Amino acid sequence: MAEVTEKKEEQLPLREMPGITKISYFGALIDRLHYFWFDGPDKYFADRARKYNSTVFRTNMPPTPPGFPGDPRVVILLDSKSFRTLFDNSLVDTSDVLGGHYMVSTEFTGGFRILSYLDTAEDQHTRLKSYVQHLFMLNARRWLPEIRRAVEETWDKLQGQLPEAKANDAFGSCVFNFLSRTLLGRDPLEPGPASVGEEGASLCLKWLAPQLAPGVNIGLPHPLEELVFHTFPWPYWTVKKNHQKLYDFFKTYGGKALDIAEDEYGVPKEEAIHNLIFMFGLNAVAGFSLYLPTMLRYVANQGSKLHYKLAEEARNAIKEKGDLNFEALNAMPLIKSVAYEALRIQPPVPRQYARARKDLIVESHEARFLVKKGELMCGYQPFAMRDPKLFDRPTEFVPDRFVGEEGEKLLERVWWSNGPETEAATPHNKQCPGKDMVVLTGRMVLAVLFSKFDTLTVRSPTESKVVITSLTPKM
């Protein structure tokens with residue numbers, strides 16, 4: 001009894017959820033303008049956290065009515081403790097909430113609910129994720145050589161485009177190419193009846209644009225963007241031509257990958273095609289187009305002192321191991337740390353959504369809050385990953401943060417993949433099945449860069465766009 005009493009005394013106070021309580025279309029519109037235009041996401045969340053004196057609160061999130069039907073009220077989770085609620089699948093339901101309360105038409109995905117929209121309790125989630133993980137494992141030996149090939153091609157291309165080398169476009173194409181070569185056994189650059197050539201990544205982004213634009217800032221002039229992308233959903237027919245080209249490519253060259261889906265996992269080939277398109281488009285091209293250029297921007301801004309350390313580490317490891325192979329990459333702890341630090345400080349998918357399966361208690365560092373069954377929650381990962389209770393100097397880019405035994409322990413606190421980095425993706429969780437490949441690619445990008453060049457400089461027209469302006473060849 002004494003132990004029970006002690007635990008009750010240690011419980012945080014139960015506090016009424018601060019923030020908005022009623023639906024107001026006008027209020028939702030004003031909040032949307034603040035989120036996209038007047039403030040930006042970071043200031044939008046920070047201002048409300050100060051106003052409510054809480055890292056857990058309820059507010060409006062885009063997309064908003066009347067153009068996007070649904071309840072725009074969302075419980076926001078900004079600290080690391082409350083954020084972890086989203087990883088407990090016994091508490092949260094992730095069906096149809098990839099982008100928040102509004103789900104785009106399944107016309108964009110062949111009439112199927114794609115893996116990313118399924119909840120872990122659904123049988124089809126288990127089948128599809130098992131299938132995707134099987135594809136990754138089946139082609140494990142091809143990952144490193146194909147990633148290296150594509151990364152080397154990309155750096156050669158970028159060098160030829162200086163001083164206006166667009167990193168986002170180049171690395172989007174890079175990832176589409178190596179994924180196709182690895183998972184499909186098909187080089188998209190080769191001619192053929194349904195070849196996409198150099199267009200693979202751009203076709204993906206064009207097809208994704210109407211699906212993602214309602215909830216993100218895509219960089220157009222604000223009045224135009226609000227009117228065109230944030231007010232009403234775009235119909236599927238506007239990108240049908242691009243989608244058809246992708247569909248034809250995957251149907252023509254899917255081959256063994258599609259046979260495995262149907263024969264071993266009971267997933268119809270049509271459904272597998274649309275899941276592969278979505279995985280290539282959102283999880284790969286869109287994600288890498290943000291992650292890799294952002295990593296390079298942080299590295300470039302650190303200056304030549306870090307560049308020389310990275311170059312020395314890469315070149316020594318390659319020389320010692322005889323080639324740029326797994327052994328060499330594993331002998332580059334600083335490069336590995338930089339790849340993780342970029343994912344920590346600016347994760348490519350900043351928001352994670354889930355609904356409460358039942359009435360539940362969410363705990364922040366200071367209080368507990370009741371979240372009612374069915375309420376939508378949103379974790380904002382950039383704030384959760386910069387929680388001072390998790391990391392020292394949390395708002396700084398610290399290149400060697402994850403170096404050494406103590407640094408490796410901190411990886412449990414890195415959640416960019418929708419789960420702790422030290423845990424594995426399984427068919428029964430929502431963790432990214434390609435998380436190890438993402439980090440491997442980031443490491444390879446840096447290893448190839450600093451095996452060939454001493455320094456780089458960049459400029460950023462916007463926060464998400466990176467242009468490489470110079471590369472200094474190694475002396």
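1. The structure holds 34 salt bridges. It is a predicted model, and the points below should be read as comments on that prediction. Side chains of opposite charge can pair when their charged atoms come close. Three of the pairs, with their surroundings, are taken up in points 2 to 4.

2. Glu375 and Arg58 meet through their side chains in a salt bridge, at 3.0 Å from N to O. This pair links distant parts of the chain, with the two positions 317 residues apart in sequence. Glu375 sits in the loop between β7 (368–371) and β8 (376–380), while Arg58 belongs to strand β1 (residues 56–60). Are the two partners buried or exposed? Glu375 counts as buried at 18% relative accessibility, and Arg58 also counts as buried, at 12%. For Glu375 the label rests on a cut-off of under 20%, so its value of 18% falls within the buried class.

3. Asp71 pairs with Arg73 in a salt bridge whose closest N and O atoms are 2.7 Å apart. Asp71 is partly exposed, with a relative accessible area of 29%. Arg73 is partly exposed as well, at 24%.

4. In helix α6, Arg149 forms a salt bridge with Glu146. The closest N and O atoms of this pair are 3.6 Å apart. Why are these two side chains about one helical turn from each other? Arg149 and Glu146 are three residues apart in the helix, and therefore about one turn separates them. Arg149 is partly exposed, with a relative accessible area of 35%, whereas Glu146 is buried, at 15%. The pair is also part of a network: salt bridges with shared partners join Glu146, Arg149, Glu153, Arg181 and Asp187.

5. Glu152 lies in helix α6 too, which spans residues 140–161. Glu152 is partly exposed, with a relative accessible area of 24%. Which residues does Glu152 touch, leaving aside those up to four places away in sequence? The contacts are with Val448 and Lys452. Glu152 and Ile318 are 166 residues apart in sequence, and their C-alpha atoms are 15 Å apart in space.

6. On the surface, Leu14, Ile361 and Leu370 make a nonpolar patch of about 260 Å². Leu14 is placed in the loop between α1 (2–10) and α2 (25–38). Leu14 is exposed, with a relative accessible area of 54%; the class begins over 50%, so Leu14 qualifies as exposed at its value of 54%.

7. How many disulfides does the model contain? The count comes to zero. Cys174 is in no disulfide, and the nearest cysteine sulfur, that of Cys204, is 14 Å away. The cut-off for a disulfide is a pair of sulfur atoms within 2.5 Å, which means that the 14 Å between the sulfurs of Cys174 and Cys204 does not meet it. Cys174 is buried, with a relative accessible area of 2%. Cys378 is likewise in no disulfide; its nearest cysteine sulfur belongs to Cys432 and is 18 Å away. Cys378 is buried, with a relative accessible area of 0%.

8. A last point concerns confidence. The mean pLDDT of the chain is 95, and 98% of its residues reach 70 or more. Over residues 1–9, however, the pLDDT is below 50, and this stretch has zero contacts in the model beyond near neighbours in sequence. Where pLDDT is low, the predicted coordinates should not be read in detail.

Terms used. Residues are numbered from 1 along each chain as its sequence is written. This is a predicted model: local features need pLDDT of at least 70, side-chain atom pairs count only at pLDDT 80 or more; totals for chains, interfaces and linings use all residues. Side-chain values use heavy atoms; hydrogens and water are left out. Patches are made of residues with over 30% relative accessible area and no salt bridge: like charges are joined within 9 Å, nonpolar side chains (Val, Leu, Ile, Met, Phe, Trp, Tyr) within 5 Å. Accessible areas come from the Shrake-Rupley method with a 1.4 Å probe; for residues, only the protein chains shown count as cover. A salt bridge is a side-chain nitrogen of Lys or Arg within 4 Å of a carboxyl oxygen of Asp or Glu. Helices (H or I, at least four residues) and strands (E, at least two) are DSSP runs, numbered from the N terminus. Buried means under 20% relative accessible area, exposed over 50%, partly exposed in between (1.4 Å probe, protein chains only). pLDDT is the predictor's confidence in each residue, from 0 to 100. Contact means heavy atoms within 4.5 Å.
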